[in-house]
Amino acid sequence: MSTTTGASAPATAAAASAGVLATLAAAQFLMTLDSSVMNVSIATVAADVGTDVTGIQTAITLYTLVMASLMITGGKVGSILGRKRAFSIGCVIYGAGSLTTALAPNLAVLMLGWSLLEGIGAALIMPAIVALVATNFERSERPRAYGLVAASGAVAVAAGPLIGGFMTTYASWRWVFAGEVVIVIGILAMTGRIADAGRDEDARLDLVGTGLSALGLGLVVFGILRAGAWGFVNPKPSAPVWFGLSPVVWLVLAGGLVLFGFLVWERRRVQTGQSVLVDPAMLRNAQLRGGLSAFMLQFLLQAGLFFCVPLYLSVALGLSAIETGVRILPLSVTLLLAAVGIPRVFPRASPRLVSRLGFVALLAGIVSLMAALELGAGPEVVTVPLLLAGLGIGALASQLGAVTVSSVPDEQSPEVGGLQNTFTNLGASIGTALAGAVLISALTSSFLAGIEDNPDIPQSLSSQAQVQLAGGVQFIPDSALESALADAGITGDTADAIVEENSESRLAGLRAALAVLAVLALVAVFSVGAVPSRQPGEADPPWQRPEPVDADAG
């Protein structure tokens, strides 16, 4: 009898661990799914709730803003209430937001449910996930656990267009959000298996710090998100002008100053023995800074790539949302293989080496895609680049979560979760804005130069375009351009020449955006020096390493 019990104990523990991991991975998948689903359904959602595309884009911006602004606070709430309780409360709020969104009759209700409630829920859930992995898995098991959780989020980005396209085409986008409610109920039912380290009895919510961090992060993220419409530095023709520059410059600077004030305030509270949102001393930890920087670069590159590839497939090639999603799925395959396989096959691999190779694979994917984009190329050209990019993202996902959390004692894991998700949101915002701005700038300059030099386009028409399109040429499919030209009375060889120039300029814009991402990927390859070379558990963690001994002492 005792033999049977002893043999079943590891199996029971393994099943419990698998259940915990599946629960946390499902929550991470859910947090990431919304934006990618909404992006492919913008026009349909706008029509259903009685608004326009700008209204839905505002809702998307506000969702990102709420989530990014409250991440640090959400991590602290996990310390006060307990990680598991914060996770469960976040799920309830998120589920209520999903239900509200599914039933939304107008834009205001949609923004209440999706932008506000789901944003608040995500700000509680995502830091708690990081902390709960640290609580439920030994240090040696964390790379695999973090890898699978992070991979589930990246898979959601890749699968979102497929899910959103299918539901929007054959049913309704509302069923995606209704399905999220069901998934949330399932997650809540599974939380009983999750162990919790308990709450910090001395923790208190710093209201001034909360306001400063939310305001600072909000200003920075909002500025970055508006960069595509207003311009990074020089304002676009239709954008507001603040003291001769784009508002983006001033918003980011103001946000940076507020965040500096936040750190000064937190340092002062530490000195007086009061509870803080984040101890500024944590940011002097080289391993933590290295992990956070790598996270930010990973999500910057990932978001930029996911911005460019769907544009190429859906706009340049005219694929449907479902077809676009199918073409992106190869990335999910190698991503999962790397995220789960590397910790299992190479459990003692150097996190620094794996991270560097991950950025190399991402660089190779971006460069190979940039080289493959040419007129006449079909959707198959994205397959190999996405397989390489998936390997890179999966390799990074398998290491970075454990790197950041292992850099501090476990009781500080909620704060690390808040910082980690703040940096990933900043990276994703910058990646999307940067790729979009470079793409439109290169597209505009290429198109205007092309029509000016094209003999089939009258000089008068070219001059008119130079004035009217100086603010930016839209990234639109050939069919939409042909229809617009026909409405303007432009037909024949002139129309054909303009369409051809537009097709070439679209690819020039995509290549320019990918080139900028490639340069940043190259920088990332050489930026992982602070990531440790040994796995957590193989060496004393940073806070336990002995101080250097003075040989002359005593």
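**Exercise 1. Classify the accessibility of F222 and of W230, and state which of them is buried.**

Solution. F222 has a relative accessibility of 29% and therefore counts as partly exposed. The classes are buried (under 20% relative accessible area), exposed (over 50%) and partly exposed (in between), with a 1.4 Å probe and protein chains only. W230 has a relative accessible area of 15%, so this residue is buried.

The model is predicted: local features need pLDDT of at least 70, side-chain atom pairs count only at pLDDT 80 or more, and totals for chains, interfaces and linings use all residues. Residues are numbered from 1 along each chain as its sequence is written, and side-chain values use heavy atoms, without hydrogens and water.

**Exercise 2. Determine how many aromatic pairs the whole structure holds, and describe the geometry of W173 with F177 and of F222 with W230.**

Solution. Rings of Phe, Tyr and Trp (its six-membered ring) pair if their centres lie within 6.5 Å; planes under 30 degrees apart are stacked, over 60 edge-to-face, and the rest tilted. The search returns six aromatic pairs. For W173 and F177, the centres are 6.0 Å apart and the planes meet at 85°, so this pair is edge-to-face. W173 and F177 are both buried. For F222 and W230, a centre distance of 6.0 Å and a plane angle of 85° also give an edge-to-face pair.

**Exercise 3. Identify which residue lies over the face of W230.**

Solution. The criterion is NZ of Lys or CZ of Arg within 6 Å of the ring centre and within 35 degrees of the ring normal. R226 lies over the face of W230, 4.8 Å from the ring centre.
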